[in-house]
Every structure is written in structure tokens, then in C-alpha cells.
Amino acid sequence: MAAAPVISNTAAQAGLNAVLALINVGGAGVIKIFSGAPPASCETADSGTLLAALTPSSTAFASAVDNTAGGATATAAAITSGTAVATGTAGYFRAYPHTPTTTNAVIQGTVGASGSGDDMIISSASINTGDTVSCSSWTVTQPDGSGTD
């Protein structure tokens, strides 16, 4: 069996920057926090209850960098602009583009409070209507083919 194709770290950084540009330009993207488990893919319809919508800062992500563990990483700026519209336990997030041409999310993942090990860390996974919801940590990684750099 032939080895799977791999990309360079430079390509991983460029690819990650291109993906994040969909939500990064002017900070006009939106991050929605839902209850329940993430859908099967970004193309699958939203599920669960929409708990809050957060607006990223004007530069949502810094440029991707080599993470030395076999890929590129970009870290989001703090996001503090969400007000809860429903009560529930946060389960997943979806980030949508700044100029949506479809209802598909750009990125989705798990969400939880500090220490949860989830993809995005928010102020509290227990959300009540009217709460201010903020994101303190969100890092996105694009693997390259090296395994290490």
C-alpha cells in the first residue's frame, strides 16, 4: 500500500490561515454555542439549543505558526461579546463565515469550562438566559505530514 500524501508545515500554516480567513476578516464571523453533541460534520444542520452567539474581535485569529508537534496552530483572541439567549449546558460550538454564502459552519468542536479539555474554553458550561458568555481559549490546529517539526 502506498503511503498517504502529506503536506509541509508551510502548507499547513497557509491552509489554516485560509480557513480562518473565512471568519477572521473584520471579525464579522459568528461563533454559536449549542447544547448537546456536535453534528456529524460542518455540513450537517445545527442540533441542540442555541445558547449564545459570540462575535470575534476585529482580528479573530493571529497568523498560524509552527507548533513543532506536527502541524500549524492559530490561537483566537479573547471573545467577550456573547449574551445567552437560552438556558442549558454548552456542548459544542460552530464558527460561521464573515460573509455566509451557505448555512454551513467553517469549524465546529466541543466547548466547556476551564479544565474540561474541550476544543474551546468558555467562562462556564452552565449557561442561563441573559448571562454574558466569553471565550478565554480557542486554538485550531492543522496537521502537517511530518509528525514532528
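How many disulfides does the count come to? The count is 0 disulfides, taking a pair of cysteine sulfur atoms within 2.5 Å as the rule. Keep that in mind when you reach the cysteines below. One caution before you start clicking: this is a predicted model.

**Stop 1: the whole chain**

Color by pLDDT. The chain averages 86, and 89% of the residues score at least 70. Among the elements, S5 has the lowest mean pLDDT, at 84, while strand S9 (residues 126-127) has the highest, at 96. Where pLDDT is low, don't read the predicted coordinates in detail.

Now switch to cartoon. You should find 1 helix and 10 strands. Going along the sequence, the helix comes before the strands: α-β-β-β-β-β-β-β-β-β-β. Of the 149 residues, 37% count as buried. If you turn on the surface, its accessible area comes to about 7,200 Å², with 57% of that belonging to carbon and sulfur atoms. Among contacts with a sequence separation of 6 or more, 68% are between residues 24 or more positions apart.

**Stop 2: the helix**

Select residues 9-24, which make up helix H1, and pick out alanine 11. Is alanine 11 buried or exposed? Neither label fits: alanine 11 is partly exposed, because its relative accessible area of 36% falls between the 20% and 50% cut-offs. Now add proline 143 to the selection. Alanine 11 and proline 143 are 132 residues apart in sequence, yet their C-alpha atoms are 9.8 Å apart in space.

**Stop 3: strand S1 and its partners**

Select residues 30-35 for S1 and residues 88-96 for S6; the two pair in the antiparallel sense over 6 bridges. To find one of the contact points, click serine 35, whose bridge partner in S6 is alanine 90. S1 also pairs with S2, again antiparallel, this time over 4 bridges. Here phenylalanine 34 is the residue to click, with leucine 50 as its bridge partner in S2.

Stay with S2 (residues 50-54) and move across to S5, which it joins through 2 bridges in an antiparallel arrangement. Alanine 52 in S2 stands opposite alanine 84 in S5.

**Stop 4: strand S10**

Select residues 132-143. This is S10, which pairs antiparallel with strand S4 (residues 71-75) over 5 bridges. Threonine 75 has threonine 139 as its bridge partner in S10.

Next, bring in S5 (residues 79-84), which runs antiparallel to S10 and is joined to it by 3 bridges. Two pairs to look for are isoleucine 79 opposite cysteine 135 and glycine 82 opposite valine 133. Strand S8 (residues 120-122) pairs with S10 as well, in the antiparallel sense over 3 bridges. In that pairing, methionine 120 stands opposite tryptophan 138.

With the side chains shown, remember that in a regular strand they alternate between the two faces of the sheet.

**Stop 5: valine 133**

Zoom in on valine 133, in S10. Valine 133 counts as buried because its relative accessibility is 2%, under the 20% cut-off. Its neighbors, leaving out residues up to four places away in sequence, include Ala52, Leu54, Ile79, Gly82, Ala84, Ile122 and Ile127. For a distance check, try leucine 51: it is 82 residues from valine 133 along the chain, and the two C-alpha atoms are separated by 9.4 Å.

**Stop 6: the cores**

Which residues have the most contacts inside the largest nonpolar core? Select Ile31, Ile33, Phe61, Met120, Ile122 and Trp138; the core has 31 residues in total. Then center on tryptophan 138. Beyond four places in sequence, the residues it touches include Ile23, Ile31, Phe61, Phe93, Ile107 and Met120. Apart from the largest core lies another, of 5 residues, with Phe34, Cys42, Tyr96 and Ala105 among them.

**Last stop: two cysteines**

Finish with cysteine 42 and cysteine 135. Cysteine 42 counts as buried because its 16% relative accessibility is under 20%. Cysteine 135 is also buried, at 3% relative accessibility. You have met both already: cysteine 42 in the 5-residue core, and cysteine 135 opposite isoleucine 79.

Methods. Residues are numbered from 1 along each chain as its sequence is written. This is a predicted model: local features need pLDDT of at least 70, side-chain atom pairs count only at pLDDT 80 or more; totals for chains, interfaces and linings use all residues. Side-chain values use heavy atoms; hydrogens and water are left out. Buried means under 20% relative accessible area, exposed over 50%, partly exposed in between (1.4 Å probe, protein chains only). Contact means heavy atoms within 4.5 Å. Accessible areas come from the Shrake-Rupley method with a 1.4 Å probe; for residues, only the protein chains shown count as cover. A nonpolar core is a set of buried Ala, Val, Leu, Ile, Met, Phe, Trp, Tyr and Cys residues joined through side-chain atoms within 4.5 Å. Two strands pair if DSSP finds at least two bridges between them. pLDDT is the predictor's confidence in each residue, from 0 to 100.
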